[in-house]
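Colleague: I'd like to go through this model with you and ask how each label is earned. Could you show it to me?

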Amino acid sequence: MQLTVTALVTTLSLTLLSACSTKPNHEGSSASTVLPPSVKWQTQSKEYPLITRAIYRDAALQLMQRELPTNWVVVMDVDETVLDNSGYQAMLSQSGQSYSTASWNQWVKSKQAKLVPGASDFITSVVSAGGKVALVTNRNKQLDSYTWQNLEAMGLPINTDNTCLMGRSQADKDAVDGQQIVNDKDLRRQQLMTGDVDCYNPSDEAVAEWSQPHNIVMQVGDNIEDIAKTTQASADPSALLPRFGKDVVILPNPMYGSW
Ligand SMILES: [Mg+2]
């Protein structure tokens with residue numbers, strides 16, 4: 001009996017050790033299972049890439065079936081929409097830290113973010129069809145060069161003619177009036193529509209391209225506030241439902257948000 005109990009304890013210990021070993025994430029790197037469930041889900045589950053790929057696949061199909069206006073643009077958020085920052089979240093967990101602006105900026109500068117599964121194919125579909133992409137991100141505008149380099153390093157088919165990267169500036173925060181400018185991405189969405197945008201590092205050709213008024217045909221994000229004139233407090237999921245997959249696309253992000 002004693003031997004049996006010992007064997008059972010040994011088996012349990014090995015099982016726990018095995019559970020604490022490292023497993024590859026979607027990009028092939030390692031992530032420890034001391035991670036919180038949200039980070040494990042994004043890095044290790046099969047559900048996450050299946051869901052994000054399916055959402056992006058359907059969004060591209062829907063877009064290509066529509067009659068699109070001239071100068072059409074898809075507005076996309078960056079974090080947990082195009083770039084996967086689970087590596088940052090894992091680092092925080094494993095070092096016992098909480099989010100801070102300093103560590104986040106360091107992460108952005110490290111350019112280690114990977115791609116959200118499906119994002120590359122979607123962006124390729126958009127630019128191949130003659131559309132443009134506006135990356136409206138609340139990463140600090142002063143870090144746009146690092147964000148751009150990270151995106152380029154991931155092999156996305158972007159250049160400054162077809163893609164306008166706009167990090168958040170103080171003006172974006174100051175513009176929020178609760179009326180016309182409801183959230184801190186609204187000003188940049190308005191600027192896209194009037195052609196008064198401040199894209200990252202544009203060539204002369206890109207300035208000419210982006211100075212034209214653009215028609216926003218789809219908004220893609222992981223946060224409800226990636227939708228124009230929407231806040232976490234005011235958002236009505238029932239009202240948004242008919243738009244989902246048409247002009248509004250939301251991806252899962254279990255790790256953080258404005259909720
Ligand atoms: Mg985001």
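Colleague: What makes S8 and S9 a pair?
Modeller: Keep in mind that this is a predicted model. Strands count as paired when DSSP finds at least two bridges between them. S8 and S9 have three bridges, in the parallel sense, so they pass that test. One of the contacts to look at is Gly-221, whose bridge partner in S9 is Ile-250.

Colleague: And how do you know that S3 pairs with S8 and with S6?
Modeller: Same cut-off, at least two bridges. S3 (residues 72-76) is joined to S8 (residues 215-221) by five bridges, and four bridges join S3 to S6. Both counts satisfy the rule, so both are pairs. The strands run parallel in S3 with S8 and also in S3 with S6. If you want residues to click on, Trp-72 stands opposite Asn-215 in S8, while Met-76 has Leu-135 in S6 as its bridge partner.

Colleague: What order do the strands of the sheet come in?
Modeller: The order is S7-S6-S3-S8-S9, an open sheet of five strands with parallel pairing. S7 and S9 (248-250) each have a single partner strand, so they stand at the edges, and one side of each lacks a neighbour in the sheet. From one strand to the next, the twist averages 20 degrees.

Colleague: Okay, helices now. Why are H3 and H6 called roughly parallel?
Modeller: Angles under 35 degrees count as roughly parallel. H3 (residues 47-64) and H6 (residues 119-128) pack at about 10 degrees, with their axes 9 Å apart. That angle is under the cut-off, so H3 is roughly parallel to H6.

Colleague: Which residues meet there?
Modeller: From H3 come Tyr-56, Ala-59, Ala-60 and Met-64, and from H6 come Ala-119, Asp-121, Phe-122 and Ser-125. Sorted by class, the contact has six nonpolar residues, one polar and one charged.

Colleague: What about the angle of H7 to S7?
Modeller: H7 lies across S6 and S7, and runs at about 135 degrees to S7. Roughly perpendicular covers 65 to 115 degrees, and roughly antiparallel needs over 145. The value fits neither, so it goes down as oblique.

Colleague: How do you know that the buried residues of H7 line one face?
Modeller: A residue is called buried if 20 or more other C-beta atoms lie within 10 Å of its own. In H7 (residues 144-153), Asp-144, Thr-147, Asn-150 and Leu-151 are buried. Looking down the helix axis, they fall within an arc of 125 degrees, so they line one face. Gln-149 and Ala-153, on the other side, are exposed.

Colleague: What do the buried residues of H7 pack against?
Modeller: They pack against S4 (83-84), H5 (101-110), S6 (132-140) and S7 (163-168). Just after H7, by the way, Gly-155 takes a positive phi of about 85 degrees.

Colleague: Which residues of H4 are buried?
Modeller: In H4 (residues 86-95), those are Ser-86, Tyr-88, Gln-89, Ala-90 and Leu-92. Just after H4 sits Gly-96, with a positive phi of about 70 degrees.

Colleague: And how many helices and strands does the protein have?
Modeller: Eleven helices and nine strands. Of the 259 residues, 36% are buried.

Technical notes. Residues are numbered from 1 along each chain as its sequence is written. This is a predicted model: local features need pLDDT of at least 70, side-chain atom pairs count only at pLDDT 80 or more; totals for chains, interfaces and linings use all residues. A residue is buried if 20 or more other C-beta atoms lie within 10 Å of its own, exposed if 12 or fewer, and partly exposed in between; C-beta atoms are placed from the backbone. Helices (H or I, at least four residues) and strands (E, at least two) are DSSP runs, numbered from the N terminus. The arc is that of the directions from the helix axis to the C-beta atoms. Two residues are in contact if their C-beta atoms, placed from the backbone, lie within 7 Å. Axes are lines fitted to C-alpha atoms, for helices over the stretch in contact, and angles run from 0 to 180 degrees between N-to-C directions. Ala, Val, Leu, Ile, Met, Phe, Trp, Tyr, Cys and Pro count as nonpolar, Asp, Glu, Lys and Arg as charged, and the others, Gly among them, as polar.
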